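Biologist: Before we look at particular residues, I would like to know how to read the fold of a model like this one. Where should I start?

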Amino acid sequence: MSAPANRLATRNLTLGYDHRQVVRDLEVEIPDRSFTVIIGANGCGKSTLLRALARVLRPTSGTVLLDGKEIGAHPSRHVARTVGLLPQSPITPDGITVAELVGRGRFPHQGALRRETPQDRAVVERCLAETALTDLGQRPVSSLSGGQRQRAWIATALAQDTELLLLDEPTTYLDLMHQIEVLDLCARLHAAGRTVVAVLHDLNQAARYASHLIVLREGEVIAEGAPDAVITAELVGRAFGLRARIIPDPETGRPLVIPLPSQVTAK
Amino acid sequence: MTTRRAHPARCRAVGLPAALAALLVVCVLSLAIGALPLAPSAVWHGLADPASGAYAVVHQTRLPRTLLGLLAGTALGLAGAVMQALTRNPLADPGLLGVNAGASAAVVTATALLGISSLSGYIWFALGGAALVSVLIYAIGGGASSTPARLALAGTAVNAALYSYVAALELLDTGALDKMRFWTVGSIAAAEPGTVLRITPFILLGTVLALGCAKPLNTLALGDEAATALGAKPALTRGVAIAAIVLLCGSATAACGPIVFVGLMVPQVAARITGPDLRWLLPYSAILAPVLLLGADIVGRVVARPSELEVGIITAVIGGPVFLLTVVGRERA
Amino acid sequence: MSPTMKRSVGVSVVFVALAAVAAFATVDIGQFSGGITEADAFIINQLLLPRILTAVLAGASLALAGAVFQSVTRNPLGSPDVLGFTQGAATGALVGIMAFGGGALVVAVSAWIGAVGSGVTIYLVARRGGVTGGARLILVGIGIAAILSAVNEYLITRANIVDAAAATVWITGSLDGSTWSGVVILAAVTFLLAPCLLLTSRSLRVLELGDDLAIGLGLGVEKVRLLTLTGAVLLAATAASQTGPVAFLALCAPHLARRLTRRTGPNLVPTLLLGAALMLWADYISQHAIPNRVLPAGVVTGVLGGGYLVYLLAHQRKTGQI
């Protein structure tokens, strides 16, 4: 077993729920300071993999390595100060305000007896500013729009102040404008030096924002690398069962997937 | 949740006579078993021949008890099935959701405060109490965000509130406590011919309404918008279904006291045979529920001889674990 | 100090004041204006003081336990009243009254065993298959509650009418049997466990955000659930063993505290103070509401709390909290 070159990696990782195996023998590395996007068809194990990387899901066998050591062997608080997670459906407590919610992200930096410090408050302020929520800090989360709410949750994960940030389908249920808003935020976080890992549904968004792609099919990695190298018509066919043409995006030059009709139809 | 296998119509058609046969067997047993055991032939003589020595036993106690079990079982089974369909919630049960407790609280009020002690007097209170709680539960369960757990929890909380209220009344009036403590446990042992006659029309009407809304409820299962598009009238269907639940639960509770879990278990078992089609599920529930209720009653007569265990205790002791299994199974899948 | 924090402190002070007023009303200082005789001193020392202290300690314990339950189950209705725990205490007490003659100590011990036993059973059944999160704890609690209710009804039918009445009073919850020895036990348990639970407040706030996020924030989710529920069950069981499971106090106090402080999260300190005040007032009202009739305190909390609950159900479903 070679020592991983990056902070977060998996070795022979097998994952499942009860008796259903979802991911088999997976070896992936999350390149440091990358914006890694995990894509694949529904049920391919994308979110399962992300949950294991955040040690929310225990592996059936194999390991998730953080800094070369099994993630569960680190003190829990140390992991929480290194890897942040935004799960797919977190629970919004009744009546909570944005600032309070973001403040709860400071948990791993506080002791049982220690009160909120000025430093905690400064971090919360900074996270609100980074997610353009400063003016909404005292509003109840339940009164926000879908995009604002998602930004508030991302701010909560940011307040955890971690170098790695894992986001499970952060754009699901948002309309296109808010999707772009959230992805732009992720891109800014990446540009500021964080490692961002996200599960996304939209191939074109993945190709446009990611610096590194991991493509899953039925629990196995079928391709990984830079979007330009990874996204090919052949791969889209294998991963999604979809015929497609790939052209360069006129805006960014990244690959753009144009789906073709599912059967060969005579013009 | 386990996916229900598709069932060929043949299976459902064969099952129905089998269920009826089971019901017949249980009825005969219910007539035969008791403090004075009777052979099947003696039961027959007791039913038909006024000169037979068993005539009095059969006509005065066993027959009313069996008929009451039949009526109450049918009522609770149907009400449970309709409720589960209406709330789209497999854990709905008139006992668990407090409808029976609502009826029972109203009856205790009538007894303790107004001095009404005959069934013909307090059946109206029972119907009123059942109606109030049904509407409350429906208002909660009909909410967009309702989940099985939330609905069950709201029902249990309503049950607890009604329990406090009943306890308060009983504490103010020890006489009421003495009378009501036997009634609130849920029993068909004290059945009299008058009781049976009194609740029959209500339960018949409720049964007709329940069976009548089987088809529209099937459509409603697809969601209000799809149902409306298919020509159903959701508001009317719901109104009829709630009326059926109130009639069935109110009159069954007035006659037997509150009984839990029959309405939960039977539709779940029946659905394994019939699948989700209510046109089959409702008749099956109506037949299988009295099998369960009378069966439980017979067990209660036998296990604690020479005394008896009330049927409400037996159904709770069987039904509780079934409920827990359903819960654990659902959450796992 | 943030404005919500200030409000929280202010509201807590009001709760303490309310409790003090109720305590003075219970002692009814005015009647002793002509000087305190020896008989008066006996009444105050042996009857009224233990009663007041029991009310304060048991009210605070039940309310605190309710707040922890509601926070862990993430549901405003997830209180010991609803989750089988009260029914377990009642089963224990009924057995104590019927089988062992119903001495105060016997009932207290058997109720305590019943309460803790049902708590352990619920946790173990819910635990099968790994986690206790989500709706599981609630649903298992409901199932156990329904079974135990039937058992209790059955036991009451088998009792003679005197025992049945005593059992009904006990299940409703009453302060009539308060003694100094009970106060000592209650005080010991409360002063041991309440501070421990107050320390978990921060963890509970994180747990409320969902298991996944809580694990991501480094919280040992199952461990926190087990520890806080154990503390809450022990606290509530001890309170219930002295006074009976006073209906709905554990359900309503955390709610009212939250509405008044307008703070999210378990709000443990204000809840605890409000619990004590509510218990004192419920006892005072139950003694004076109907002339010449003394009712158990649980009748007042049960009827008022039940009404509040129905309001809550009708009102809160819109917000999707129930």
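Modeller: Start with the order of elements along the sequence. This is a predicted model, and chain B reads α-α-α-α-α-α-α-α-α-α-α-α-α-α. In total, chain B has 14 helices and 0 strands.

Biologist: What does the radius of gyration say about chain B?

Modeller: The value is read against the one for a compact globule with an equal number of residues. For the 333 residues of chain B that would be near 20 Å, and chain B has 20 Å, so the two agree. Along the principal axes, the C-alpha trace of chain B spans about 65 × 55 × 35 Å.

Biologist: How much of chain B is buried, and how are its contacts spread along the sequence?

Modeller: Buried residues account for 56% of the 333 in chain B. Of the contacts in chain B with a separation of 6 or more, 77% are between residues 24 or more positions apart.

Biologist: How does chain C read by these descriptors?

Modeller: Chain C has 13 helices and 0 strands. Its radius of gyration is 20 Å, close to the 20 Å from the globule rule for 322 residues, so chain C is as compact as a globular protein of that length. Its C-alpha atoms fill a box of roughly 65 × 55 × 35 Å along the principal axes. Buried residues make up 61% of the 322 in chain C.

Biologist: How should I read the interface, and how many residues of chain B are in contact with chain C?

Modeller: The size of an interface is often given as the accessible area lost when the parts come together. Here we have residue counts: 43 residues of chain B are in contact with 44 of chain C. On the chain B side, α5 (119-141), α6 (148-172), α7 (174-183) and α14 (311-332) each supply at least two residues. The most come from α6(B), with 15 residues. By class, this side of chain B has 27 nonpolar, 9 polar and 7 charged residues.

Biologist: Which helix gives the most to the largest nonpolar core?

Modeller: In soluble globular proteins, nonpolar side chains tend to be buried together. In this model the largest nonpolar core has 310 residues, and those with the most contacts inside it are V82(B), I245(B), L248(B), L64(C), A236(C) and L280(C). The helix that gives the most to this core is α6(B), with 17 residues. As for L64(C), beyond its neighbours within four places in sequence, its contacts include A194(C), L197(C), L235(C) and G275(C).

Biologist: Where on α7(B) are its buried residues?

Modeller: The residues in question are A176(B), L177(B), M180(B), R181(B) and W183(B), which are buried in α7(B). They cover an arc of only 150 degrees around the axis, so they are on the same side of α7(B).

Biologist: Which residues of chain B does UniProt list for "transmembrane region"?

Modeller: An annotation is best set beside the geometry. The unreviewed UniProt entry lists several spans of chain B under that name, among them 66-83 and 122-140. Residues 66-83 of chain B are 100% helix, with end C-alpha atoms 25 Å apart. Residues 122-140 of chain B are also 100% helix, and there the end C-alpha atoms lie 27 Å apart.

Biologist: Is V141(A) buried or exposed?

Modeller: Count its neighbours, with 20 or more other C-beta atoms within 10 Å as the cut-off for buried. V141(A) has 23, so it is buried. V141(A) lies in the loop between α4 (118-130) and α5 (146-159) of chain A. Apart from neighbours within four places in sequence, its contacts include T92(A), I96(A), L101(A) and R149(A).

Terms used:
Residues are numbered from 1 along each chain as its sequence is written. Chains are lettered from A and ligands numbered from 1 in the order in which they are written. This is a predicted model: local features need pLDDT of at least 70, side-chain atom pairs count only at pLDDT 80 or more; totals for chains, interfaces and linings use all residues. Helices (H or I, at least four residues) and strands (E, at least two) are DSSP runs, numbered from the N terminus. The radius of gyration is taken over C-alpha atoms; the globule rule is 2.2 Å times the number of residues to the power 0.38. A residue is buried if 20 or more other C-beta atoms lie within 10 Å of its own, exposed if 12 or fewer, and partly exposed in between; C-beta atoms are placed from the backbone. Two residues are in contact if their C-beta atoms, placed from the backbone, lie within 7 Å. Ala, Val, Leu, Ile, Met, Phe, Trp, Tyr, Cys and Pro count as nonpolar, Asp, Glu, Lys and Arg as charged, and the others, Gly among them, as polar. A nonpolar core is a set of buried Ala, Val, Leu, Ile, Met, Phe, Trp, Tyr and Cys residues joined through C-beta atoms within 7 Å. UniProt positions are given in the numbering used here, feature names are shortened, and annotations may be inferred rather than shown by experiment. The arc is that of the directions from the helix axis to the C-beta atoms.
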